[in-house]
Amino acid sequence: MTRPRVILAIDQGTTGTTCLVVDDELRVLGRGYSELPQRFPQPGWVEHDPEQIWQSVVAAAEAAVAASGVEPAAIGITNQRETTVLWDRASGEPVHNAIVWQDRRTADRCSELPAELIRERTGLVPDPYFSATKLEWLLREHPAKGLAFGTVDSWLVWKLTAGRVHVTDETNASRTLLCSLETLDWDDELLALFGVPRELLPEIRPSGTHFGECELFGRTLPIAGIAGDQQAALFAAGGAKATYGTGSFILVETEEQPTEGVLRTAAARLEGEAPRRALEGAVFVTGAALQWLRDGLGLLADAAESEAIAASVDSNGGVYFVPALAGLGSPHWRADVRGLITGVTGGTTRAHVVRAALEAAAYQTRDVL
C-alpha cells in the first residue's frame, strides 16, 4: 500500500508552536504543541528567547510526526509576524532576546518618524508593532557587522538549514517598515532612515516558492512555503478572514488604498503569480486577555472553560473590559497606558468579568469592520 504524501505544517505563534501533519486532502494525521514562555523585562517590553522558539518547533514537530506515524515529504512555515531576531552569522547564536511584536519600547522613536513617507512606501504607520524600530534599538548595542536579522520565519529557516539559507517571504518582509510594498524589495531610503545595512537582511521571495533544503527526522526535506500567520490564514480563506488568537486580525485581499486605522500589506502568492495585497485591521488583545484571566488573576483554570462561565450569567452585568493597547499609530498612545475593567459593583462575579473579556473581543472586531 502506498504511503500518503504529507506535509509538516509549522505554526510558530506568540504563546506556543503548533505543528500539523496533513495529507493532500488537508486531513490532519498528527498534531503537536509546545508552549512558548514570554518574558516581560519592563512594563511594555515583551521578549522571547530565540533558542526557546527553536526548541518549541522541534518538540511540536516531533510530537506531530510521531502521532501521524508518517514521514513528511515537505515543510511549510507560518509564524508570528514582526517579532525581531538578531544573531551572529558565524556562531548562529542570538545576540539578544527576540523583541516580540507586542513590545512598545520604541514608542517615543516612532513619534519622530516621517509618517507620510512610511505610509506611502510601506502601507503601514510608524508604530513599535513593526520590526524596524526594534532592529534599530538592537543595533545601538550590537554593531551590525557579522550579524543577521530576521523575523521568526528567517530564524527558523536559518536553524533548519544549519545557517546555509537566509531568506524571508514577501508577507513577513512587508511588516518590517523596511520593504517597499510596490517593489516588494528592501527600500534604500527606509534602510537609511533606520540605519540598517542591506547586508544584514534576508533575501525576499514569494510565499509559495522553494526556500531551501533542511535535514529533519533523518531525511532531506524541502521548505516549500512561508507566510506570516495572518496572510497564511487569508490565503486559506480565499480573500477575507477574521482570526482569533493572542490578538485578532481582520484581512481582506484588495488593491484599494487604506483609510485611517487600517493598514495595507502584502498578501501571500505562489511563485509566478502577480503580487497580491490586502487591507488589515488589528486588535492586539483578545486571547491574551483570557490568558491573563487564567495566569494573572486565577479566574480560569483553563481558557476553554471561559465560554461556560460567561454563559452562566445573562449579561456582563454592566462590566466592561478595556484592553491596554490603543490602535496602531494612535496619537493618544502612551507607553504607560493600562487596561481597565469598569462597571464593577458588589454584585460583580468572576463570570461577569470573564464575559466582559469575551465580549471585548467581539466589540473590538466589530469596530475594525
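User: Leaving aside its neighbours within four places in sequence, which residues is Thr 286 in contact with?

Analyst: Thr 286 is in contact with Gly 245, Thr 246, Gly 247, Ser 248, Ala 361 and Gln 364, once neighbours within four places in sequence are left aside. Keep in mind that this is a predicted model.

User: Where does Thr 286 lie?

Analyst: Thr 286 lies in the loop between strand 18 (276-283) and helix 9 (287-295).

User: Is Thr 286 buried or exposed?

Analyst: Take the relative accessible area and compare it with the cut-off: under 20% means buried. Thr 286 has 7%, so it is buried.

User: Now Val 283. Where does it lie, and what does it touch?

Analyst: Val 283 lies in strand 18. Not counting residues up to four places away in sequence, Val 283 touches Gly 247, Ser 248, Gln 364, Thr 365 and Val 368. Gly 247, Ser 248 and Gln 364 are also on the list for Thr 286. With a relative accessible area of 4%, Val 283 is buried.

User: How many Å separate the C-alpha atoms of Val 283 and Trp 54?

Analyst: The separation is 27 Å, and the two residues are 229 residues apart along the chain. Trp 54 belongs to helix 1, where it helps make the contact with helix 5.

User: Then let us turn to that helix pair. How do I read the packing of two helices?

Analyst: Two packed helices are described by the angle between their axes and the distance between the axes. Here, the axes of helix 1 (residues 50-68) and helix 5 (residues 152-160) come within 11 Å and cross at roughly 70°. Helix 1 and helix 5 are therefore roughly perpendicular to each other. Helix 1 passes helix 5 in a right-handed crossing.

User: Which residues make the contact?

Analyst: From helix 1 come Pro 50, Glu 51, Ile 53, Trp 54 and Val 57. From helix 5 come Val 152, Trp 155, Leu 156, Lys 159 and Leu 160. By class, this contact has eight nonpolar residues, two charged residues and no polar ones.

User: Is there a general idea behind the spacing of residues in a helix?

Analyst: An α-helix has 3.6 residues a turn, so residues three or four places apart point the same way. Look at the numbering on helix 1: Pro 50, Ile 53 and Val 57 are among its contact residues. On helix 5, Val 152, Leu 156 and Lys 159 are among them.

User: How many residues of helix 4 are buried?

Analyst: Nine of the eleven residues in helix 4 (residues 131-141) are buried, and the helix is mostly covered. The buried ones are Ser 131, Ala 132, Thr 133, Lys 134, Leu 135, Glu 136, Trp 137, Leu 138 and Leu 139.

User: What covers the buried residues of helix 4?

Analyst: The cover includes strand 6 (85-88), strand 7 (98-99) and strand 8 (147-150). It also includes helix 2 (107-110) and helix 7 (188-194).

User: Next, Asn 172. Where does it lie, and is it buried or exposed?

Analyst: Asn 172 lies in helix 6 (residues 170-173). Its relative accessibility is 0%, so Asn 172 counts as buried.

User: Which side chain does the side chain of Asn 172 make a polar contact with?

Analyst: That of Asp 169, at 2.7 Å. Leaving aside neighbours within four places in sequence, Asn 172 is also in contact with Asn 79, Arg 81, Thr 151, Asp 153, Ile 226, Ala 227 and Gly 228.

User: What about backbone angles? Where is there a positive phi outside glycine?

Analyst: Leu 177 has a positive phi of about 70° although it is not a glycine. Leu 177 lies in the loop between helix 6 and strand 10 (179-180), and is buried at 0% relative accessible area. Leu 184, another non-glycine, has a positive phi of about 55°. Leu 184 is placed in the loop between strand 10 and strand 11 (185-186). At 9% relative accessibility, Leu 184 counts as buried.

User: Is Gly 208 buried, partly exposed or exposed?

Analyst: Gly 208 is partly exposed, with a relative accessible area of 22%. Its place is in the loop between strand 12 (203-205) and strand 13 (213-216). Beyond its neighbours within four places in sequence, Gly 208 is in contact with Ala 224, Arg 269, Leu 270 and Glu 271. The C-alpha atoms of Gly 208 and Gly 272 are separated by 9.2 Å, with their positions 64 residues apart along the chain.

User: One last residue, Ser 34. What is it in contact with?

Analyst: Neighbours within four places in sequence aside, Ser 34 is in contact with Gly 16, Thr 17, Ser 56, Ala 59 and Ala 60. Ser 34 lies in strand 3 (residues 28-35), and counts as buried at 16% relative accessibility. The C-alpha atoms of Ser 34 and Gly 16 are separated by 5.6 Å.

Methods:
Residues are numbered from 1 along each chain as its sequence is written. This is a predicted model: local features need pLDDT of at least 70, side-chain atom pairs count only at pLDDT 80 or more; totals for chains, interfaces and linings use all residues. Side-chain values use heavy atoms; hydrogens and water are left out. Helices (H or I, at least four residues) and strands (E, at least two) are DSSP runs, numbered from the N terminus. Buried means under 20% relative accessible area, exposed over 50%, partly exposed in between (1.4 Å probe, protein chains only). A polar contact is a pair of N or O atoms within 3.5 Å; within protein, one must be able to donate a hydrogen and the other to accept it, and residues adjacent in sequence count only if both atoms are side-chain atoms. Contact means heavy atoms within 4.5 Å. Axes are lines fitted to C-alpha atoms, for helices over the stretch in contact, and angles run from 0 to 180 degrees between N-to-C directions. Angles under 35 degrees count as roughly parallel, over 145 as roughly antiparallel, 65 to 115 as roughly perpendicular and the rest as oblique. A crossing is left-handed if the near helix is turned anticlockwise from the far one by less than a right angle, and right-handed if clockwise. Ala, Val, Leu, Ile, Met, Phe, Trp, Tyr, Cys and Pro count as nonpolar, Asp, Glu, Lys and Arg as charged, and the others, Gly among them, as polar.
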